[in-house]
Amino acid sequence: MIERLDILVVGAGPAGIAAAVTAAAAGKRVGLVDDNPAAGGQIWRSGAAQPTAARTWLERLAASSVVRLQGWRIVDAPSSGLLRAEGNRGCRDLGYDQLILATGARERFLPFPGWTLPNVMGVGGLDAMVRGGLPIAGKRVVVAGTGPLLLAVAAHLTRKGAKIVAIAEQASLRRFVPFVSSLLGEPAKMMQGVEYALSTFGSRVYTGCWPVAASGKEMLDTVTLRMGERQWEERCDYLACGFHLVPNLELPALMMCHIDNGFVVVDGSQQTSISGVFCAGEPTGIGGMEMAILEGEIAGLAAAGKMDAANDRSQRRRRSLGFVRALSTVTELDPRLKQLATDATLVCRCEDVSFGRLRDHASWREAKLHTRCGMGACQGRVCGAASEFLFGWDAGSIHSSVRPPLYPVQVSSLGHPDKLADEGDSLSPACVLAPKEIE
């Protein structure tokens, strides 16, 4: 039997939690599905020292009637009004009347010599490992790339005892002026920025600077940084490197939602080009946690039919778009970053495809056909965004190549889902279906 919900929310980060809680408060039967074992997404990771907003929303979620499927991953959209989810309990089909996509974002990585060395990690990746227990006290760390995450992670690592050797931001100082000006209308963000700056006081901060190579025999030993004509080496134990965020568009693309300039197109109520399908958070534009929560509330209210309240919040969202535009400008990648990779530098790590094998191809499709780039386990989630920037390939062609299943699945999950999910796993109000422990 297919489980049916009034509203199904995919993604349990800030936007998804806000959407689910808001819709449930309006009296709807709501399901929230996420592939992590606990709600919160990457930004409100379980076990981390959580801000007040996180605790508030997580407490509201726990007290709500939302049906939570934690540790379940959406792998297919077999028909209208139906999604297929896989967990280690098996596979099940989830029916819905309204759908809210809050699939979040991931880091953008750009290849350079040595970027595959052990201890070269994403900014968010190293932060997550430290929050999960990785010892960092006394370790020398270089934080590099672009975006507000650099300073936030540097501040957290400093509090954990790391020595931040350098913070290298690829954007020039000149481009920071309009961004800082945009914070004047966002006092909470301004105070947060001041807090991060104070936490990292004493660390060297460079603008217009980026890594050009990472070196070491068996693992990272030094990072070569470049700022203008100056180039030098920094000894370090870890390099945390990420070039802002890339929205997770695989599910919206599979469902044929209209995507333009790398983001899902939505109207004032967060509805996509598909009737009854809404989208909130990073897939519609990178705007920070507060914007994601606001969009989640709008989507939850609109999906529940509470249009007056949704329209009121939509007006608040429009007033905050200045920050989104300023953030987009300051994180725009410097064209010189295209010159970092050599012919031998791997771009697709899953299939061992180098920059030299890709640069003569005219499109993402052609590269896939000739080199298998993007056909490995991550299905282009890393090399797709990098290739789009490096070669100027059409992002639309990358999104149009999405096929089910969205992630590698067990062979058994390709069978009939009604026979695969455990019999006792009915979706009762306020239940949490977490993955079984692996024996």
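This passage walks through a strand, two helices and two loop residues of the structure. The model is a predicted one, in which local features need pLDDT of at least 70 and side-chain atom pairs count only at pLDDT 80 or more, while totals for chains, interfaces and linings use all residues. Residues are numbered from 1 along each chain as its sequence is written, and side-chain values use heavy atoms, with hydrogens and water left out.

A good place to start is strand E9, residues 140–146. Helices (H or I, at least four residues) and strands (E, at least two) are DSSP runs, numbered from the N terminus. Of the 7 residues in E9, 6 are buried, so the strand is largely enclosed by the rest of the structure. Here buried means under 20% relative accessible area, exposed means over 50%, and partly exposed is in between (1.4 Å probe, protein chains only).

E9 has pairing partners in E10 and E15; two strands pair if DSSP finds at least two bridges between them. With E10 (residues 163–169), the pairing is parallel and runs over 6 bridges, and glycine 145 has glutamate 169 as its bridge partner there. With E15 (residues 238–243), E9 also pairs in the parallel sense, over 6 bridges; in this case alanine 144 is matched with cysteine 241. Helix H4 (residues 149–159) joins E9 and E10 in a right-handed β-α-β unit. Right-handed means that, with the strands pointing away from the viewer, the path from the first strand over the helix to the second runs clockwise.

Next come the two loop residues. Threonine 200 sits in the loop between helix H6 (187–199) and strand E11 (204–207), and its 4% relative accessibility makes it buried. It touches Leu151, Ala154, Ala155, Thr158 and Ile167, leaving aside residues up to four places away in sequence; contact means heavy atoms within 4.5 Å. A polar atom of the threonine 200 side chain also lies 3.0 Å from the backbone oxygen of tyrosine 196. Alanine 344, by contrast, counts as exposed at 65% relative accessibility. Its loop runs between helix H10 (321–330) and strand E20 (346–348).

Finally, there is helix H5 (residues 173–182), where Arg175, Phe179 and Ser182 are buried. Seen down the axis of H5, these buried residues fall within an arc of 45°, so they line one face of the helix; the arc is that of the directions from the helix axis to the C-beta atoms. H10 is included in what covers them. On the other side of H5, Leu173, Arg174 and Val177 are exposed.

Notes:
A polar contact is a pair of N or O atoms within 3.5 Å; within protein, one must be able to donate a hydrogen and the other to accept it, and residues adjacent in sequence count only if both atoms are side-chain atoms.
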